[in-house]
Amino acid sequence: MAEYNNNNRGGGAGGNDRGGNNRGGNDRRGNDRGGRGGNDSSVQGDSDFKEKVVAINRVAKVVKGGRRFSFSAIVVVGDGKGNVGYGLGKANEVTDAIAKGIDDARKNVVKVPLYKHTVPHVMEGRYGGGFVLVQPAAAGTGVIAGGAMRAVFESAGIKDVLAKSKGSSNPHNVVKATFAALAKMRDPMQIAQARGISLARVFNG
C-alpha cells in the first residue's frame, strides 16, 4: 500500500502512471487554473474601469417542485475618459449575475467623443420603445439625466449634459438608446481636420 502511494506521488512530478496523469501539468485542473490566471491578468489590465449596476431583475420560473428564482443584472463600465460599455448578466445568484454583466460590458466598450467634459452636439437615440434626447450643457451644469442615463454619462466621463428620456422607462431600452445616441456622436476635431477649418468655425458656422 505504501509503494502504491509513492508511485502516485512520484508520477505527479512527471511519471506515466495514473497518479501522475491526474496530478501532472496536463490535467484538466491545471488547464483550468492556467485559464483563470490569464483572465485575471486581463481584468487587472482594465482595472481603471469602474462598474455601475443599473438594474437588477428577479425572474421566477414555475416548475413542478415550486418556483425557481434567477437574477438578471444590467451593468455599465467606464474609465471616465470616453470609454464606456454595457452588459447583461444572468445567474441564480445576484453576485454571479453582476460578475457576468461586468464581463459582458468589458467586451462591448465603445469610444465616445468628448468636448470640454460634455457631448459635442445634440443627438437623439432610439432602441425599441426607448427614445432619448442628449444635448451639451455649459460647464457647471452637471449631469441632468435619469438614473439609467446618468450611469452611462458618469461612466463615460461626461460631467455636464442635458438629457431626457421620452419613451419607455425600461432601463434596458434606456441604456441601449443612450448608447445609440452616443455612438452617433462625431468628434469635432476630426470634422475640423477633414474640412480644413478651425474648431471655432465648426461650432459657429
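These legends accompany several views of a predicted model.

**Figure 1. An overview of the whole protein, with its eight helices and eight strands.** Let's start with the complete chain before moving in. Of the 205 residues of the protein, 33% count as buried. Contacts between residues 24 or more positions apart make up 53% of those with a separation of 6 or more. The protein exposes about 12,700 Å², and 47% of that area is supplied by carbon and sulfur atoms.

**Figure 2. A close-up of helix 5 and helix 6 where their axes cross.** A pair of packed helices is described by the angle between the axes and the distance between them. Here, helix 5 covers residues 147–156 and helix 6 covers residues 171–183. Their axes come within 8 Å and cross at roughly 40°. Helix 5 is therefore oblique to helix 6. As for handedness, the crossing of these two helices is right-handed.

**Figure 3. The residues that meet between helix 5 and helix 6.** Have a look at the side of helix 5 first: Ala148, Met149, Val152 and Phe153 take part in the contact. From helix 6, they are met by Pro171, Val174, Val175, Thr178, Phe179 and Leu182. Sorted by class, this contact of helix 5 with helix 6 has nine nonpolar residues and one polar residue, with no charged residues.

**Figure 4. A close-up of Asn173, a residue of helix 6.** We stay with helix 6 for this view, now centred on Asn173. Is Asn173 buried or exposed? Asn173 counts as buried because its relative accessibility is 18%, and the cut-off for buried is under 20%. Leaving out residues up to four places away in sequence, Asn173 touches Tyr127, Gly129, Gly130 and Ser168. One of these partners, Tyr127, belongs to strand 5, which spans 123–127.

**Figure 5. A close-up of Val122 in the loop between strand 4 and strand 5.** Strand 4 spans 110–111 and strand 5 spans 123–127, with Val122 in the loop between them. Val122 has a relative accessibility of 47%, so this residue counts as partly exposed. Which residues does Val122 contact, leaving aside its neighbours within four places in sequence? They are Leu133, Val134, Gln135 and Pro136. For Pro136, there is also a distance to show: its C-alpha atom and that of Val122 are separated by 6.5 Å. Along the chain, Val122 and Pro136 are 14 residues apart.

Terms used. Residues are numbered from 1 along each chain as its sequence is written. This is a predicted model: local features need pLDDT of at least 70, side-chain atom pairs count only at pLDDT 80 or more; totals for chains, interfaces and linings use all residues. Side-chain values use heavy atoms; hydrogens and water are left out. Axes are lines fitted to C-alpha atoms, for helices over the stretch in contact, and angles run from 0 to 180 degrees between N-to-C directions. Helices (H or I, at least four residues) and strands (E, at least two) are DSSP runs, numbered from the N terminus. Angles under 35 degrees count as roughly parallel, over 145 as roughly antiparallel, 65 to 115 as roughly perpendicular and the rest as oblique. A crossing is left-handed if the near helix is turned anticlockwise from the far one by less than a right angle, and right-handed if clockwise. Contact means heavy atoms within 4.5 Å. Ala, Val, Leu, Ile, Met, Phe, Trp, Tyr, Cys and Pro count as nonpolar, Asp, Glu, Lys and Arg as charged, and the others, Gly among them, as polar. Buried means under 20% relative accessible area, exposed over 50%, partly exposed in between (1.4 Å probe, protein chains only). Accessible areas come from the Shrake-Rupley method with a 1.4 Å probe; for residues, only the protein chains shown count as cover.
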